Amino acid sequence: MTNPAAWPLAVPLEGPRLVLEPLRVAHAEEAVVFLGDARLHTYIGGEPPSRGEVEERYRRQSAGHSPDGSQGWLNWMLRARAGGRLVGTVQATLTRPLPGLLRAELAWVVGHDFQGRGYAKEGAAVMAHWLRDQGVSAFAAHVHPHHHASAAVAKALALHPTGTLHEGEQLWTDAVPPAPVTGETPPSGAS
């Protein structure tokens, strides 16, 4: 068990077009509008949640850590400066897989009506930059293999696909991939 106080807490962040607000239960009323769009669930799975389900989820997530303290939970709501509407979320689940290593698994969701505007890329980049300042040195994300927009966000964060699938999503990471094996031996004296 890890001390829950050992995890960083989400703070307000800003990007050029977005304000990242630390998650509060009160966000559920506004968020259920875009989370309730069935088109959004094509790649993220599940069914559109009710307001009560979103409130309960946000109540758990806003604690900032898992019940046993083994994970830090950082969640932000993305609010567009122009118009002031909530357009999506970004989140990071923090773990310490090895002493001295702070790892973040990132996720992002942008409401269907707000997709294609670069909000996920901007929000994820602002979050990742802040996380680096908090000592996070390893990043990962799970992306549906056919969700090209989400793959573009992962690429913008300098993540690459690993080929490892988990529950239908591919693991992307910033770890250096192994060199490809070609089966050929370089000629003597080659450099």
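How many helices and how many strands does the secondary structure of the chain come to? In this predicted model, the answer is five helices and eight strands, and the legends below take the parts in turn.

**View 1. The whole chain, with its helices and strands in the order β-β-α-α-α-β-β-β-α-β-α-β-β along the sequence.** The chain has 191 residues, and 38% of them are buried. Among the contacts with a separation of 6 or more, 60% are made by residues that stand 24 or more positions apart. The area that the chain exposes is about 10,700 Å², with carbon and sulfur atoms supplying 55% of it.

**View 2. Helix H4, which runs over residues 119-133.** The helix consists of 15 residues and spans 21 Å from its first C-alpha to its last, close to the 21 Å that would be expected at 1.5 Å a residue. Its buried residues include Tyr119, Glu122, Met127 and Trp130, together with the alanines Ala120, Ala124 and Ala128. After H4 comes Gly135, a residue with a positive phi, near 100 degrees.

**View 3. The largest nonpolar core, a set of 36 residues.** Leu20, Leu94, Leu106, Trp108 and Leu131 are the residues with the most contacts inside this core. At least two residues of the core come from each of strand E2 (18-22), strand E3 (72-80), strand E4 (86-98), strand E5 (101-110), H4, strand E6 (138-143) and helix H5 (148-156). Of these elements, H4 gives the largest share, which is eight residues. A second core, separate from this one, has 12 residues, and Val32, Phe34, Leu86 and Val109 are included in it.

**View 4. The surroundings of Trp108, a residue of the largest nonpolar core.** Leaving aside residues up to four places away in sequence, Trp108 touches Thr89 and Val90, Ala120 and Ala124, and Ala141 and Val143, among others. Its further partners are Ser150, Val153, Ala154 and Leu157.

**View 5. The largest pocket, with a volume of about 1,200 Å³.** The pocket is lined by 46 residues, and those that lie nearest its centre are Ile44, Ala107, Trp108, Val109 and Glu169. Helix H2 (41-44) and helix H3 (51-61) each supply at least two residues of this lining, as do E3, E4, E5, H4, E6 and H5. The largest share of the lining, six residues, is that of E5. Trp108 thus appears both in the lining of this pocket and in the largest nonpolar core.

Note on methods. Residues are numbered from 1 along each chain as its sequence is written. This is a predicted model: local features need pLDDT of at least 70, side-chain atom pairs count only at pLDDT 80 or more; totals for chains, interfaces and linings use all residues. Side-chain values use heavy atoms; hydrogens and water are left out. Helices (H or I, at least four residues) and strands (E, at least two) are DSSP runs, numbered from the N terminus. The expected span of a helix is 1.5 Å times one less than its number of residues. Buried means under 20% relative accessible area, exposed over 50%, partly exposed in between (1.4 Å probe, protein chains only). Contact means heavy atoms within 4.5 Å. Accessible areas come from the Shrake-Rupley method with a 1.4 Å probe; for residues, only the protein chains shown count as cover. A nonpolar core is a set of buried Ala, Val, Leu, Ile, Met, Phe, Trp, Tyr and Cys residues joined through side-chain atoms within 4.5 Å. On a 1 Å grid over the protein atoms alone, a cavity is a set of points where a 1.4 Å probe fits but cannot get out, and a pocket is an open set with protein on both sides within 12 Å along at least five of seven lines; lining residues have an atom within 4 Å of a point. Grid points are joined across faces, edges and corners, and a volume is the space filled by probe spheres set on the points.
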